[in-house]
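Here is a protein chain to explore at an easy pace. Keep the sequence and the 3D view side by side, and find each residue as it comes up.

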Amino acid sequence: MPDRSADRRYMAAAIALSGRGRGLSTPNPNVGCIIVRDGMIVGRGWTQKGGRPHAEAQALEQAMDRAASATAYVTLEPCFHLSPRGPRCADLMARAGVRRIVIALRDPDPRTDGQAAQWLRKRGITVDMGLMAAEAARAMGGFVLRQTQGRPHVTLKLGLSLDGRIALADGSSRWITGPEARAHAHVERARHDAILVGGGTLRADSPRLDVRLPGLTDRSPRRILLSRGEAPEGWCVIAAPQDIATLDRVDHLLVEGGAEAAAAFLRARLVDRLMLYRAPIIIGSGLAGIGDIGLADLADAHGRWRMTDTRQLGADRLEVYEAVRSA
């Protein structure tokens, strides 16, 4: 009889591993995989830069012959479609002699979508599907939304004073938050494929939008401009929030400013996650963090967001919210 508490521990570890590939693995999902034999982890992997090798291939290579009769924990159903870039992960699992596979999320890609699980079961491998599916879907939010809605996952990041301001009345905004919060924001940049600002922010601040943390400088996201004008060299431009669906190889998009760009994405109901970095300061008559979002009735503002995380970052407080979507 499987140890369900152990299954959850190993799957949670696989989901944590999957985060290492976020912002790097697109167009492939950022999958995590752990292989366990006799209560010991013998292999682990996550989808690498550009999508190869897959998490399962990496974990199996590490496990070698210890994968025989082992249990594999995978955050997404192993791929089943043929590709010139490498073998199917379902084949690799079967050839390695894995005895049991615990899968968090059924693959929404129609090229797999339950076929791998069925094929593996026919070969005598025990397949359990659905453990911590919601957590895995959250970790691979960009891939899931691209498959189901044809667009990337959008995070809106705001650095605010206690009274919701992002700058003084004259536009001065350096620095509202402290060094710990700014470092955390740079880690978030490294976890996204692209980063977007509006034309006003570009003109006022000329932001670099890169990652300036030791060891992560090569993970700066692509720069996107929300504007009806032309983009500077090295930037991509879109005219409206809905145009994010046209962005190639962008599954995770970070919106950093300014107030009108934030409002445009909120009006379009295209923000999936809010990250609010609150500094313990009061500015008063400064610039608001968000423009008009078209709210006509206060009752409509309720029930749209659910807090999922909060933490202290030096003197500042981070609050993370997820959008509540209707079924």
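The paragraphs below go from the interior to the surface, with some backbone details on the way. One thing to keep in mind from the start is that this is a predicted model.

Let us begin inside. The largest nonpolar core has 45 residues, and M11, I35, M93, I101 and L120 are the members that touch the most others in it. Helix α1, which covers residues 4-18, supplies the largest share of this core, with six residues. A second core, separate from this one, has 24 residues, among them L156, A194, I244 and Y321. Such groupings fit a broad trend: in soluble globular proteins, nonpolar side chains tend to be buried together.

To get a feel for the larger core, pick out M11. Leaving aside residues up to four places away in sequence, M11 touches Y73, V74, T75, V102, I103, A104, L131 and M132. One of these contacts, Y73, appears again in the next stop on the tour.

Which two residues form a tilted aromatic pair? They are Y10 and Y73, with 5.2 Å from centre to centre and 40° between the planes. The structure has two aromatic pairs in total. The one made by Y10 and Y73 links distant parts of the chain, as Y10 belongs to helix α1 and Y73 to strand β3, 63 residues apart. Are these two tyrosines buried or exposed? Buried means under 20% relative accessible area. Y10 counts as buried because its relative accessibility is 16%, and Y73 counts as buried because its value is 4%.

Now turn to helix α3, residues 89-96. Its buried residues include C89, A90, D91, L92 and M93, and M93 is also one of the residues with the most contacts to other members of the largest core. The cover over the buried part of α3 includes β1, α2, β3, β4 and α4 (115-122). After the helix comes G97, which has a positive phi near 85°.

Helix α6, residues 141-149, can be read in a similar way. Here G141, G142, F143, V144 and L145 are buried. What lies over the buried residues of α6 includes strands β3 (71-76), β4 (100-105), β6 (153-160) and β11 (252-257), along with helix α5 (133-139). Just past the end of α6, G150 takes a positive phi of about 75°.

From α6 it is a simple step to H153, which sits in strand β6. With residues up to four places away in sequence left out, H153 touches G141, G142 and L145, as well as D251, H252, L253, D272 and R273. H153 counts as buried because its relative accessibility is 12%.

Next, look at the backbone itself. Where do cis peptide bonds occur? One joins T26 and P27, with omega about 15°, and P27 lies in the loop between α1 and β1 (32-37). Another runs from R52 to P53, with omega near -10°; P53 is placed in the loop between β2 (40-46) and α2 (55-63).

Positive phi angles also turn up at residues that are not glycine. M132, already met as a contact of M11, has a phi of about 55°. M132 is in the loop between β5 (126-129) and α5, and it counts as buried because its relative accessible area is 12%. L209 has a positive phi of about 60° and lies in the loop between α8 and β9. L209 is buried too, with a relative accessible area of 3%.

The loop that holds L209 also holds D218, between α8 (199-205) and β9 (222-226). Is D218 buried or exposed? It is exposed, with a relative accessible area of 57%. From the C-alpha atom of D218 to that of A262 the separation is 27 Å, and the two residues are 44 places apart along the chain.

Let us finish on the outside. On the surface, I290, I293, L295 and L298 form a nonpolar patch, and together they have about 330 Å² of accessible area. Among them, L295 is in the loop between β13 (287-288) and β14 (305-313). L295 is partly exposed, with a relative accessible area of 37%.

Technical notes:
Residues numbered from 1 in each chain as written. Predicted model: local features only at pLDDT ≥ 70, side-chain atom pairs only at ≥ 80, totals over all residues. Heavy atoms only, no water. Patch = residues over 30% accessible without salt bridge, like charges linked within 9 Å, V, L, I, M, F, W, Y side chains within 5 Å. Areas by Shrake-Rupley, 256 points an atom, 1.4 Å probe, with all protein chains shown as cover. Salt bridge = Lys/Arg side-chain N within 4 Å of Asp/Glu carboxyl O. Helix = DSSP H or I, 4+ residues; strand = E, 2+ residues; numbered from the N terminus. Buried < 20%, exposed > 50% of the residue type's maximum accessible area, 1.4 Å probe, protein only. Core = buried A, V, L, I, M, F, W, Y, C linked by side-chain atoms within 4.5 Å. Contact = heavy atoms within 4.5 Å. Phe/Tyr/Trp six-rings, centres within 6.5 Å; stacked < 30°, edge-to-face > 60°.
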